[in-house]
Amino acid sequence: MNNNITYITTPKNAILRALSLVLLLFISSLQVQAQDDVRATIDSTSILIGQQINYTIEALANDGEAVIFPEGQTFSPLEVIESYAIDTASSTSARMKLIKKYGLTQFDSGRYVIPKQKVIIGTRTVETDTFLVEVNNVILDTVNQGLYDIKPIIDLPRDYSNWWKYLLWIIPVVVAISLFLWWLLRRNKKQKEAEQYIPPFEQAMATLTALDSKNLIAEAKYKEYYSVLTDAIRRYYEEKVYDRSMESTTDELIARLEMERDSGHIDFSKHTIASIKDIFKRADLVKFARVNPPEGKAQADRLAVEDIVKQTREALPPPTVEELMMQEDYREELSRKRKRKLWLSGIGGILAILLLATGIGIAIKGYSEVKDFVFGNMTRELAEGNWITSEYGIPSMVVSTPKVLTRQEVPLPPEAQGKIEATAFGWQTFPANVTIGVYQFKFPKGADVKVEQLISSQLAMFEANGFSADILKSEKFATPNGAEGIKTFGSGSQVIDQEKGTVDAGEYAFITFQAENVIQQLFISWHDEDPYGKEIAERVMQSIELQAKEKEEK
């Protein structure tokens, strides 16, 4: 139900009004009585531009009568900026008094008449009085109040409100990489300790000492026992005497030792070589013929091997400088190989973790989401970031954009200079995935300007710069605040590189508004394969609002 219509019902104990006048007297005084039923007042007859006048209507109504107060812009040339709720008040008569208030204002100086307002009470229509209101200019103090330059554009800080979303992906990956590197370094440390160089004599003695702690004789594991025992000698001779000792047979090794003795390279005694030959022959019988040695012979061979190692050490000549350098080079080569292996393992492991995390992300979020997260997406960041709402031109066009549009120079042909006023504000990404421009053209009063001709000339100018409109459509467009215009849109292509023939496809839209001699436009283009560019374009077009001329003149 209309909130300006009120039905009055008197209480049950209300006294009905008595008729005291004859019909003729009632008819003659009907107009006077009707005027007395409605009374209008204003609280001021002189205001400054933009100040509010309180316009009050008081109406008396009988029981059950509907009262309809004025609604809409019936107070023109003054504007209604607020319509208050209907209030009731007591009166001296049995009827109820209804009070309706309006807030009125004017944004241009001058003397204005508030016209009569019609109030409907039941079946009667009653008009209020007219009021004369004077609207005065605001006096500016240009002497004491200084003038200030326009403040420069301030760069807004980046929006980090979504940082926690990135942490949900980054923290597990960082933890996995940290654990892997910790395990890799720990393993490398153990390998480094294990690869530390031990001289052949100390290594042979350590092997014999470890053999004593294994208790293989008591368990009758003679094959394993003699394998460790003979390998201790073979490894010692592998590095100090004969570099093929480990792969030689017993006869080959004995023959080589005798040759080294006869040549004078090693001062071996016949007893030492005979002891080696005796131990190796017995070891061959144990390992290959499964012949157990006589009781006590295994312990005796163990002691004999230790004596042979010590005698060999004394018989060997001291190492030369070349041999010592070869040993150092060998150790350095081992160190380089270990470091190279460590780097390769680390890089390979980190890549494997990243690939695994990428695969999991694609399975959960999809390829596009992961690609934008890893490589970034400029238009997506703009679409999801903080936007700015600004006014451009006079009268202004209000537009929300990812970034503030900056003023652009508009080159006018010589014949149009001095006749047409043109302003432009624009912004675009780099590369130009999204381009936004706001244009305003003021033509001389009375000029016959057609919007279609203007758009055609603009498209022709774009084509001269390498852009061709392949599809052109047109439809009506309405802003949220009710301004109507024309939307010209379609798809086209832009020549990026003339020599290489590179062409980039995209979509575009012109939103054009015309009021008297002023044409306002918004132009936007975006890449047709970028969903976030299209999202930005739709959001920009939905945000357009045109401000009234009167408000701009304020």
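Helix axes are lines fitted to C-alpha atoms over the stretch in contact, and their angles run from 0 to 180 degrees between N-to-C directions. Keep that in hand for the first exercise. The model is predicted.

**Exercise 1. Helix against helix**

Task: Decide how helix α4 runs relative to helix α8, and find which residues make the contact.

Solution:
- Step 1. Locate the helices. α4 spans residues 200-214 and α8 spans residues 297-315.
- Step 2. Take the geometry. The two axes come within 11 Å and cross at roughly 170°.
- Step 3. Apply the cut-off. Angles over 145 degrees count as roughly antiparallel, so α4 is roughly antiparallel to α8.
- Step 4. List the contact. α4 supplies Phe201, Ala204, Met205, Leu208 and Asp212. α8 supplies Arg302, Val305, Glu306, Val309, Lys310 and Arg313.
- Step 5. Sort these residues. Six are nonpolar, five are charged and none is polar.

**Exercise 2. A sheet of three strands**

Task: Work out the strand order of the sheet that holds β12, and name its edge strands.

Solution:
- Step 1. Read the order. The open sheet runs β3-β12-β9, with mixed pairing.
- Step 2. Find the edges. β3 (46-48) and β9 (110-114) each pair on one side only.
- Step 3. Check the twist. Neighbouring strands are turned by 30° against each other on average, direction ignored.
- Step 4. Look at one pairing. β3 joins β12 (residues 131-136) in the parallel sense, over three bridges. Ser46 has Glu134 of β12 as its bridge partner.

**Exercise 3. Rings around Tyr55**

Task: Classify the ring pairs that Tyr55 forms with Phe75 and Phe131.

Solution:
- Step 1. Count the pairs. The whole structure has 11 aromatic pairs.
- Step 2. Take Tyr55 and Phe75. Their centres are 5.0 Å apart and their planes stand at 70°, so the pair is edge-to-face.
- Step 3. Place both rings. Tyr55 is in strand β4 (residues 53-61), and Phe75 is in the loop between β5 (66-68) and β6 (79-83). The pair therefore ties together parts 20 residues apart in sequence.
- Step 4. Take Tyr55 and Phe131. This pair is edge-to-face too, at 5.8 Å centre to centre and 90° between the planes. It links strand β4 to strand β12, across 76 residues.
- Step 5. Check burial. Tyr55 is buried at 0% relative accessible area, Phe75 is buried at 0%, and Phe131 is buried at 17%.
- Step 6. Join the pairs. Tyr55, Phe75, Tyr102 and Phe131 are linked into a cluster.

**Exercise 4. One serine**

Task: Is Ser525 buried or exposed?

Solution:
- Step 1. Place the residue. Ser525 sits in strand β22 (residues 518-527).
- Step 2. Use the cut-off. Buried means under 20% relative accessible area. Ser525 has 17%, so it counts as buried.
- Step 3. Name the contacts beyond four places in sequence. Ser525 touches Asn433, Val434, Thr435, Glu507 and Tyr508.

Methods
Residues numbered from 1 in each chain as written. Predicted model: local features only at pLDDT ≥ 70, side-chain atom pairs only at ≥ 80, totals over all residues. Heavy atoms only, no water. Helix = DSSP H or I, 4+ residues; strand = E, 2+ residues; numbered from the N terminus. Buried < 20%, exposed > 50% of the residue type's maximum accessible area, 1.4 Å probe, protein only. Contact = heavy atoms within 4.5 Å. Parallel < 35°, antiparallel > 145°, perpendicular 65-115°, else oblique. Nonpolar A, V, L, I, M, F, W, Y, C, P; charged D, E, K, R; others polar. Pairing = 2+ DSSP bridges. Phe/Tyr/Trp six-rings, centres within 6.5 Å; stacked < 30°, edge-to-face > 60°.
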